[in-house]
Amino acid sequence: MSEKIDENLYSKMMGLTEKSGEGGEAEPDQREDKGISVLLVDDSAMQLDVATKILNEAGYDAQSQLGSENAMERLREVRPDILVCDVMMPGINGFSLCRQIRADDSFDDMRIIMASAKAYEADQNKAKKAGAN
């Protein structure tokens with residue numbers, strides 16, 4: 001798995017920037033990170049649709065999982081390189097899901113990115129403590 005992740009990825013996923021048509025990004029087939037698989041877990045179908053489309057257009061192999069209840073089953077099926085997980089979800093929240101994933105040695109190489117509308121340092125620390133990258 002490549003350690004390099006597109007620096008603008010987070011901004012694109014959050015809708016903060018638009019794709020540049022003027023010498024900005026390389027075409028997806030020219031990206032060195034092409035083929036990296038990403039699973040997005042969120043309780044918002046709209047957020048999943050937008051983020052999955054952006055990632056796929058950027059050359060990633062992105063799939064989505066609506067809600068966290070079946071996320072572990074889907075992770076075992078998909079075996080993504082990267083998990084992007086919402087923090088605030090009903091039922092199993094992102095922190096709990098992250099702890100479950102880190103308790104399973106078969107996911108040791110998977111990167112976990114926690115996404116949240118909250119930007120508090122305490123939540124960032126909680127995510128790191130749960131095992132997020």
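In this predicted model, helices α4 (94-102) and α5 (121-130) pack with their axes 8 Å apart and at an angle of about 20°. Axes here are lines fitted to C-alpha atoms, for helices over the stretch in contact, and angles run from 0 to 180 degrees between N-to-C directions. That makes α4 roughly parallel to α5; angles under 35 degrees count as roughly parallel, over 145 as roughly antiparallel, 65 to 115 as roughly perpendicular, and the rest as oblique.

Now for α3 (residues 71-78) against α4: these axes come within 11 Å and cross at roughly 45°, and the pair is therefore oblique. The crossing is right-handed, meaning that the near helix is turned clockwise from the far one by less than a right angle (anticlockwise would be left-handed).

Here are the two helix contacts side by side, where contact means heavy atoms within 4.5 Å.

| Helix pair | Residues on one side | Residues on the other side |
|---|---|---|
| α4 with α5 | α4: F95, C98, R99, R102 | α5: D123, K126, A127, A130 |
| α3 with α4 | α3: A71, M72, L75 | α4: L97, Q100, I101 |

By class, the contact of α4 with α5 has 4 nonpolar, no polar and 4 charged residues. The contact of α3 with α4 has 5 nonpolar, 1 polar and no charged residues. For this tally, Ala, Val, Leu, Ile, Met, Phe, Trp, Tyr, Cys and Pro count as nonpolar, Asp, Glu, Lys and Arg as charged, and the others, Gly among them, as polar.

Let's take the helices one by one. In α5, D123, A127 and A130 are buried (under 20% relative accessible area; exposed is over 50% and partly exposed is in between, with a 1.4 Å probe and protein chains only). They cover an arc of only 65° around the axis, which puts them on the same side of α5; the arc is that of the directions from the helix axis to the C-beta atoms. Those buried residues pack against α4 and β4 (111-115). Turned away from them is a face with E121, A122, K128 and K129 exposed. Just after α5, G131 takes a positive phi of about 115°.

In α3, the buried set is A71, M72, R74, L75 and V78. Seen down the helix axis they fall within an arc of 160°, so they line one face of α3. They pack against β1 (37-42), β2 (61-66), β3 (82-86) and α4. E73 and E77 are exposed on the other side of α3. Just after this helix comes R79, with a positive phi of about 50°.

Off the helices, Y60 is worth a look. Y60 sits in the loop between α2 (45-57) and β2 and, at 4% relative accessibility, counts as buried. Its C-alpha atom is 5.4 Å from that of I36, which is 24 residues away along the chain.

Stepping back, the chain has 5 helices and 4 strands, running α-β-α-β-α-β-α-β-α along the sequence. Helices (H or I, at least four residues) and strands (E, at least two) are DSSP runs, numbered from the N terminus. Of the 133 residues, 40% are buried. Among contacts between residues at least 6 apart in sequence, 66% join residues at least 24 apart.

A few ground rules: residues are numbered from 1 along each chain as its sequence is written, and side-chain values use heavy atoms, leaving out hydrogens and water. As the model is predicted, local features need pLDDT of at least 70 and side-chain atom pairs count only at pLDDT 80 or more, while totals for chains, interfaces and linings use all residues.
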